[in-house]
Amino acid sequence: MLSPDVIYVKVYADRFVLKNMESSEVVEIRRDPKFKSPRTLIGHFVSADTEFREGIKKVRRGLLAPWVLMHPMELIEGGITQVESRALIELAAGAGARRVGVWEGKVLFDDHVRKAILEYKHA
């Protein structure tokens, strides 16, 4: 039976780090610094969307729409806002993800990523 790629994305102010959990391939996409914001990870949505789609194309291997877990890594003091969470979800959905989760917390080990996506509830 075919299963979708599970892609774990660490989101930083200056880059996306995408890991395909099935193939263990890691791709780092540097973000355009002119769109950086001191207050939020996604300062310019259109630029981030283009960069993120590039990363998904490079790391995706399967035929089925991937499952994506977005993990903001910085600018998260006090938690991320609903707007920030929505922007991360929209980035993944726009890149073709069938299931998307946003993780707040410590870095996950490989075997916990799929579980975190399955348990994610939209706020």
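How much surface does the chain expose, and what share of it do carbon and sulfur atoms supply? In this predicted model, the chain exposes about 7,100 Å², with 54% of that supplied by carbon and sulfur atoms.

**The whole chain**

Let's start with the overall layout. The chain has three helices and five strands, and if you read along the sequence they come in the pattern β-β-β-α-β-α-β-α. The radius of gyration is 13 Å, close to the 14 Å that the globule rule gives for 123 residues, so the chain is as compact as a globular protein of that length. Along its principal axes, the C-alpha trace spans about 45 × 25 × 20 Å.

As for the inside, 44% of the 123 residues count as buried. Take the contacts with a separation of 6 or more: 63% of them come from residues 24 or more positions apart.

**Helix α2**

Now for one helix in more detail. Helix α2 runs over residues 82–94, so to speak 13 residues in all. From its first C-alpha to its last it reaches 18 Å, close to the 18 Å expected at 1.5 Å a residue. Its buried residues are E84, S85, A87, L88, I89, L91 and A92. An α-helix has 3.6 residues a turn, so residues three or four places apart point the same way.

What lies over those buried residues? The cover includes the elements in this table.

| Element covering α2 | Residues |
|---|---|
| β1 | 6–11 |
| β2 | 15–20 |
| α1 | 45–59 |
| β4 | 67–72 |
| β5 | 99–102 |

After α2 comes G96, which has a positive phi, near 100°.

**A92 up close**

A92 is a handy residue to click on in helix α2. Is A92 buried or exposed? A92 counts as buried because its relative accessibility is 1%, and the cut-off for buried is under 20%. Leaving aside residues up to four places away in sequence, A92 touches F52, V68, M70, A97 and V100. Between A92 and L69 there are 8.5 Å in space, C-alpha to C-alpha, and the two are 23 residues apart in sequence.

**A nonpolar patch outside**

Over on the surface, L2, L63 and L64 make a nonpolar patch of about 330 Å². L64 sits in the loop between α1 and β4. Why does L64 count as partly exposed? Its relative accessibility is 32%, which falls between the 20% and 50% cut-offs.

Key
Residues are numbered from 1 along each chain as its sequence is written. This is a predicted model: local features need pLDDT of at least 70, side-chain atom pairs count only at pLDDT 80 or more; totals for chains, interfaces and linings use all residues. Side-chain values use heavy atoms; hydrogens and water are left out. Helices (H or I, at least four residues) and strands (E, at least two) are DSSP runs, numbered from the N terminus. The expected span of a helix is 1.5 Å times one less than its number of residues. Buried means under 20% relative accessible area, exposed over 50%, partly exposed in between (1.4 Å probe, protein chains only). Contact means heavy atoms within 4.5 Å. Patches are made of residues with over 30% relative accessible area and no salt bridge: like charges are joined within 9 Å, nonpolar side chains (Val, Leu, Ile, Met, Phe, Trp, Tyr) within 5 Å. Accessible areas come from the Shrake-Rupley method with a 1.4 Å probe; for residues, only the protein chains shown count as cover. A salt bridge is a side-chain nitrogen of Lys or Arg within 4 Å of a carboxyl oxygen of Asp or Glu. The radius of gyration is taken over C-alpha atoms; the globule rule is 2.2 Å times the number of residues to the power 0.38.
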